[in-house]
Amino acid sequence: MDWSERRPHLGGALGAAWLQAMLSQGWLDPDPDSRALRVTRRGQTRLERLLEDMTT
């Protein structure tokens, strides 16, 4: 649980590793002027496929 947002989140070593993997695969595009990330078209396709596989 994120203490400031009071919402579940993925953090620590696992969260950092997953972030690096998504960045290196081109799933996310960082905004150089902030901490914001944009999900790329490729990332949207792959995440949709991943989530679909998890529900079947």
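Student: Which element gives the largest share of the nonpolar patch in this predicted model?
Tutor: Let's start with the members of this surface patch, which are L10, L14, W18, L50, L51 and M54. Two elements give two or more residues to the patch, namely α1 and α2 (41-55). With three residues, the largest share comes from α2.

Student: How large is the area of that nonpolar surface patch?
Tutor: Good thing to ask next! The patch is made by six named side chains, W18 and M54 among them. Together, L10, L14, W18, L50, L51 and M54 make a patch of about 620 Å².

Student: Is L10 buried, partly exposed or exposed?
Tutor: Let's place L10 before judging it: this residue is found in the segment before α1. Buried means under 20% relative accessible area and exposed means over 50%. The value for L10 is 44%, so L10 counts as partly exposed.

Student: In what order do the elements of the chain run from the N terminus on?
Tutor: It helps to know the parts first: the chain has two helices and two strands. Helix α1 covers residues 12-24, strand β1 covers residues 28-30, and α2 covers 41-55. From the N terminus on, the order is α-β-β-α.

Student: What share of the residues in the chain is buried?
Tutor: For this step we need the cut-off, and buried means under 20% relative accessible area. The chain has 56 residues, and the buried share of them is 12%.

Student: Which helix gives the most to the lining of the largest pocket?
Tutor: Happily, the lining can be listed in full: L10, G11, G12, G15, A16, W18, L19, M22, R35 and L37. One helix gives six residues to this lining, and its span is residues 12-24. The helix is α1.

Student: How do the lining residues of the largest pocket divide into nonpolar, polar and charged?
Tutor: Here glycine counts as polar and arginine as charged. The lining includes G11, G12 and G15, along with R35. The division is six nonpolar, three polar and one charged.

Student: What is the volume of the largest pocket?
Tutor: The idea behind this is a friendly one: rolling a probe the size of a water molecule over the atoms shows where empty space is left. For the largest pocket, the volume is about 220 Å³.

Student: What is the N to O distance in the salt bridge of R38 and D29?
Tutor: Side chains of opposite charge can pair when their charged atoms come close. The count comes to one salt bridge. R38 is partly exposed at 46% relative accessible area, and D29 is partly exposed at 35%. Their side chains meet with an N to O distance of 3.3 Å.

Student: What distance separates the C-alpha atoms of P30 and T40?
Tutor: P30 has its place in strand β1 and is partly exposed, with a relative accessible area of 44%. Along the chain, P30 and T40 are 10 residues apart. Their C-alpha atoms are separated by 9.9 Å.

Student: And what distance separates the C-alpha atoms of R42 and L28?
Tutor: R42 lies in helix α2 and is partly exposed, at 47% relative accessible area. R42 and L28 are 14 residues apart along the chain. The separation of their C-alpha atoms is 8.6 Å.

Technical notes: Residues are numbered from 1 along each chain as its sequence is written. This is a predicted model: local features need pLDDT of at least 70, side-chain atom pairs count only at pLDDT 80 or more; totals for chains, interfaces and linings use all residues. Side-chain values use heavy atoms; hydrogens and water are left out. On a 1 Å grid over the protein atoms alone, a cavity is a set of points where a 1.4 Å probe fits but cannot get out, and a pocket is an open set with protein on both sides within 12 Å along at least five of seven lines; lining residues have an atom within 4 Å of a point. Grid points are joined across faces, edges and corners, and a volume is the space filled by probe spheres set on the points. Helices (H or I, at least four residues) and strands (E, at least two) are DSSP runs, numbered from the N terminus. A salt bridge is a side-chain nitrogen of Lys or Arg within 4 Å of a carboxyl oxygen of Asp or Glu. Buried means under 20% relative accessible area, exposed over 50%, partly exposed in between (1.4 Å probe, protein chains only). Patches are made of residues with over 30% relative accessible area and no salt bridge: like charges are joined within 9 Å, nonpolar side chains (Val, Leu, Ile, Met, Phe, Trp, Tyr) within 5 Å. Accessible areas come from the Shrake-Rupley method with a 1.4 Å probe; for residues, only the protein chains shown count as cover.
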